[in-house]
Amino acid sequence: MSNITKKALEASLKKMMLKKPLAKITIRDITDDCGISRMTFYYHFQDIYDLIEWSCIEDATQALQGKKTYDTWSEGLLQVFEAVLENKPFVMNAYRCISREQMENFLFRMTYGLIRGVVDEKSQGVPITEEQKAFIAGFYKYSFVGLMLDWIKRGMTQDYRLLVQDITLTVQGSVSLAIQNFAQAGR
């Protein structure tokens, strides 16, 4: 039942964001729209920003379902861009109304898991530390988030498939090389 309530709140928020800016939407607007009490809202979320974050993470999780391996990460990244584009009015409204730091933090959490899965897979049997794995995943996380934020900032007009293709060409093999370089450095 809990997820059904969260989904209803998400649907109401997305519907409201098609009509007006996030800054003008209240919790009462959302709860009245979906017929849920304010207490129920606060049972699930601290505030509207918490609901936005949950909604984005839910959408990203669905997009990345089973796409965190070396052979599938590119497809997962493509699906993340597709999910963002499908929710363009919601994302653009959120982008304009929440701080860049909040948007970055959400995207960092989303992309770190994708890249960390690839790093863990490619580093099996290679003598590198957890800190080194985290560094490699973090390095690529910042690249991905920067590129996605630039794409969003420009209104999502660039063909995301070409962007993902360019990212893939840039990253292909470099994760494995980074792992090997850390292993050879032996620190």
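Helix α7 supplies the largest share of the lining of the largest cavity, with 4 residues. The structure is a predicted model, and the account below turns from this cavity to the largest pocket and then to helix α2.

**The enclosed space**

The structure holds 1 cavity of 30 Å³ or more, and about 140 Å³ of space lies in the largest cavity. Its lining is made up of 14 residues, of which Cys 56, Asp 59, Val 84, Val 91 and Phe 106 are the closest to the centre of the cavity. Four helices are named as elements that give two or more residues to this lining, namely α4, α5 (73-86), α6 (88-97) and α7. By residue class, the lining of the largest cavity divides into 12 nonpolar residues, 1 polar residue and 1 charged residue.

**The open space**

The largest pocket has a volume of about 170 Å³, and 13 residues line this pocket, with Tyr 49, Ile 52, Glu 53, Ile 98 and Gln 102 lying nearest its centre. The elements that contribute two or more residues to the lining of the pocket are α4 (48-64) and α7 (100-122). The pocket lining comprises 7 nonpolar, 2 polar and 4 charged residues.

The two linings are set side by side here by residue class.

| Space | Nonpolar | Polar | Charged |
|---|---|---|---|
| Largest cavity | 12 residues | 1 residue | 1 residue |
| Largest pocket | 7 residues | 2 residues | 4 residues |

**Helix α2 and Thr 31**

Helix α2 spans residues 27-34, and its buried residues are Ile 27, Ile 30 and Thr 31. Viewed down the axis of α2, these buried residues fall within an arc of 90°, so they line one face of the helix. Just after α2, Gly 35 takes a positive phi of about 70°.

Thr 31, which has its place in helix α2, has a relative accessibility of 1%, and because residues under 20% relative accessible area are classed as buried, Thr 31 counts as buried. A polar atom of the Thr 31 side chain lies 3.2 Å from the backbone oxygen of Arg 28. When residues up to four places away in sequence are not counted, Thr 31 touches Leu 9, Ile 36, Ser 37, Arg 38 and Phe 41. For this residue, then, the picture joins a place in helix α2, burial at 1% relative accessibility, a side-chain polar atom 3.2 Å from the backbone oxygen of Arg 28, and contacts that include Leu 9 and Phe 41.

Technical notes: Residues numbered from 1 in each chain as written. Predicted model: local features only at pLDDT ≥ 70, side-chain atom pairs only at ≥ 80, totals over all residues. Heavy atoms only, no water. 1 Å grid on protein atoms, 1.4 Å probe; cavity = no way out; pocket = protein on both sides within 12 Å on 5 of 7 lines; lining within 4 Å. Points joined across faces, edges and corners; volume = space filled by probe spheres on them. Nonpolar A, V, L, I, M, F, W, Y, C, P; charged D, E, K, R; others polar. Buried < 20%, exposed > 50% of the residue type's maximum accessible area, 1.4 Å probe, protein only. Arc of directions from axis to C-beta. Polar contact = N/O pair within 3.5 Å; in protein donor to acceptor, adjacent residues only side chain to side chain. Contact = heavy atoms within 4.5 Å.
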